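Reader: I am new to this structure and would like a close look at a single part of it, namely the pairing of charged side chains. Please take me through it slowly, and then set it beside a few other details.

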Amino acid sequence: MGPSRSGGAVVVEQLAELGVGAVFCVPGESYLPVLDALRDARDEIRTVVARHEGAAATMAEAHARLTGRPGVCLVTRGPGATHAMVGLHTAWQGSTPMLLLVGQVPRRHLGRDAFQELDCRGMQGTLAKRVERVMAADRLSETLARAAAIATSGRPGPVIVELPEDVLAEATTAAVVAPAPAPDPAPSEDQLAQVQALLHVAERPLVVVGGGGWTPTARADLSAWLDASGVPVAAGFRRADVVDHGHPCYVGHLGIPTDPELARRVRDADVVLALGSRLGEITTSGWELIEAPLPRQRVIHVHPDGQTLGSVVRPWLPISATPTAMAGALRRHVTADPSRWAGWRQAAKQQLHAFVTPEDPRGALDLAHVVAALDEALDDDAVVTSGAGNYAIWVQRFLRATGQRRHLGPQSGAMGYGLPAAIAAAVEHPGRQIVAVAGDGCVQMTGAELATAVQEHAALVLLVVDNRRYGTIRMHQERRYPGRVHATDLLGPDFVQWARSYGAHAEAVERTDAFAEALARALAFDGPAVVHLLVDPDQLTPDRTVADEAGQQAAETS
């Protein structure tokens with residue numbers, strides 16, 4: 001038993017016990033006792049106040065991606081909880097551990113449709129691994145400890161905890177609960193022997209990495225095993241930073257876009273070791289590269305959640321194991337002769353080099369060469385974030401993951417991710433280079449968070465790729481409804497004046513050769529900086545323009 005204190009104080013004590021270093025929130029009267037306790041704990045837990053709950057939840061998701069611990073988002077009931085759903089969905093699809101703590105109406109008002117009352121289980125339960133409601137202050141610690149354990153076990157994901165405001169005000173002497181060690185399922189000796197046997201007969205093996213739970217140890221063990229085995233490795237959608245792109249075995253990213261040559265190699269592979277990846281729609285190109293439910297390849301599917309194994313793709317060999325356990329086991333127990341697949345691996349590496357090398361510049365500002373210049377300027381431990389939109393195609397294709405460099409993006413395809421995620425990165429790694437890349441439509445969804453960045457003294461660079469339209473939708477519109485453009489033009493502000501109004505450094509770039517110096521000034525600025533990139537609106541992807549789409553449509557209909 002501990003001293004008597006409020007339930008809100010217990011919440012903060014339990015978060016500290018769980019190793020939480022920052023919480024992201026929009027303040028609400030339903031959890032005032034927690035805010036009061038956070039004030040006393042401000043030297044141990046940083047409170048980051050966002051402008052919108054969706055952005056706060058996104059910050060928590062990104063923070064979890066960087067730390068491996070559950071990200072924590074605090075919101076009030078009703079509109080606060082519903083606003084947070086975009087970040088909740090991102091955490092769910094990205095297999096990211098997160099705690100969404102929702103201030104709730106008092107216990108005596110539950111079930112009466114009270115002001116802002118929301119049934120989180122009914123409204124948000126399909127986007128969370130579990131929804132808890134604490135009905136007594138004595139149960140707060142054990143509930144939060146259990147929620148954290150659930151969020152990090154099996155397939156990681158978000159857990160919602162409803163906190164009635166009178167429970168938070170209630171006095172309790174309950175002690176905090178030590179965090180439970182996360183389960184670490186590992187492959188059996190028999191399973192490792194089967195992996196060894198399948199690789200022994202493989203002529204065209206391929207590793208596909210993805211999912212959550214990639215610790216530094218897991219990355220190091222995987223890299224060492226690849227060194228020894230020589231098996232080519234591709235990264236799944238939005239997981240390009242699991243493997244150093246300079247590694248001799250790295251052959252590309254299965255995402256948006258997937259190099260057609262890499263896609264062909266996935267189809268031609270005879271053994272696929274899927275490590276951590278769910279083998280979802282984008283990674284498999286709509287389950288065409290690895291067919292569902294019965295793939296052509298012999299698939300060894302390794303995932304910590306047994307329910308994921310076989311749920312869509314039926315594997316030849318299912319193994320319930322975390323990336324850390326499996327990568328370590330491969331390094332210690334599975335051997336191969338790297339010379340056997342030298343031709344297969346080297347051809348794939350050469351194809352990758354061609355795919356990620358920018359062609360001659362197009363137009364005044366060529367985004368491929370801009371991203372290449374960004375790549376050269378960044379340190380090996382930089383963090384780069386991006387949201388959803390066609391502009392992200394350039395980032396995913398031309399930006400390398402090297403050393404400890406991290407790439408964060410939403411597997412859910414949520415626009416508005418880049419800036420909030422970069423703020424979380426700056427909070428966690430204040431000494432690193434932090435760069436967010438966002439389209440003009442993307443940034444206008446969460447652009448108010450630039451004020452959060454200024455208030456938090458977050459040193460980050462925001463690159464705004466401005467093509468004055470919703471580029472992804474325009475691309476599909478041009479393909480499916482040629483000559484019938486509608487609802488995709490986009491008016492935006494003068495982003496330089498907009499950024500300066502918040503107190504950020506800002507400048508515009510209209511030529512490729514002006515970008516490197518503008519980026520250097522932005523990186524050197526002590527605080528948030530914005531570089532406004534004015535790109536050709538008709539350049540849909542690195543390889544396609546509006547004119548290309550029109551020409552293809554004309555050829556197909558002639």
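Author: A residue is called exposed when its relative accessible area is over 50%, buried when that area is under 20%, and partly exposed in between. With these cut-offs in hand, and keeping in mind that the model is predicted, we can turn to the charged pairs. Side chains of opposite charge can pair when their charged atoms come close. The structure holds 27 salt bridges, and three of them can be followed here in some detail.

Let us begin with Asp489, whose partner is Arg474, the closest N and O atoms of the two being 2.4 Å apart. Asp489 sits in the loop between α19 (471-480) and α20 (495-502), while Arg474 belongs to helix α19, so this salt bridge ties together parts that are 15 residues apart in sequence. The two partners differ in their surroundings, because Asp489, with a relative accessible area of 56%, is exposed, whereas Arg474, with 4%, is buried.

The salt bridge between Asp241 and Arg406 has its closest N and O atoms 2.8 Å apart. Here the link is between distant parts of the chain, since Asp241 is in the loop between β10 (233-235) and β11 (250-253) and Arg406 is in strand β16 (residues 406-408), the two being 165 residues apart. In this pair Asp241 is buried at a relative accessible area of 6%, and Arg406 is buried as well, at 13%.

A third salt bridge joins Arg130 to Glu132, with 3.0 Å between the closest N and O atoms. Arg130 counts as partly exposed because its relative accessibility is 38%, while Glu132 is buried because its relative accessible area is 9%. This pair also belongs to a network of salt bridges in which Arg130, Glu132, Arg139, Glu142 and Arg146 are linked.

The terms buried and exposed also help in reading a helix, and α9 (residues 189-201) is an example. At 1.5 Å a residue, its 13 residues should span 18 Å, and the end C-alpha atoms are 19 Å apart, which agrees. Within α9 the residues Gln191, Leu192, Val195, Leu198 and Leu199 are buried. These residues lie on the same side of α9, because the arc they cover around the axis is only 120 degrees. An α-helix has 3.6 residues a turn, so residues three or four places apart point the same way. On the other side of α9, Glu189, Asp190, His200 and Val201 are exposed. The elements that cover its buried residues include β9 (205-209), α10 (216-229), β12 (271-275), β13 (298-303), β14 (317-320) and α12 (323-333).

Two of those covering elements, β12 and β13, lead to some backbone details. Most residues other than glycine have a negative phi, and most peptide bonds are trans. In the loop between β12 and β13 we find Leu279, whose phi is near 60 degrees, a positive value in a residue other than glycine; with a relative accessibility of 1%, Leu279 counts as buried. Pro293 has its place in the loop between β12 and β13 too, and a cis peptide bond with omega of about 5 degrees joins Ala292 to Pro293. Gln116, in the loop between β5 (98-104) and α6 (120-124), has a positive phi of about 65 degrees although it is not a glycine, and its relative accessible area of 23% makes Gln116 partly exposed.

Note on methods
Residues are numbered from 1 along each chain as its sequence is written. This is a predicted model: local features need pLDDT of at least 70, side-chain atom pairs count only at pLDDT 80 or more; totals for chains, interfaces and linings use all residues. Side-chain values use heavy atoms; hydrogens and water are left out. A salt bridge is a side-chain nitrogen of Lys or Arg within 4 Å of a carboxyl oxygen of Asp or Glu. Buried means under 20% relative accessible area, exposed over 50%, partly exposed in between (1.4 Å probe, protein chains only). Helices (H or I, at least four residues) and strands (E, at least two) are DSSP runs, numbered from the N terminus. The expected span of a helix is 1.5 Å times one less than its number of residues. The arc is that of the directions from the helix axis to the C-beta atoms. Contact means heavy atoms within 4.5 Å.
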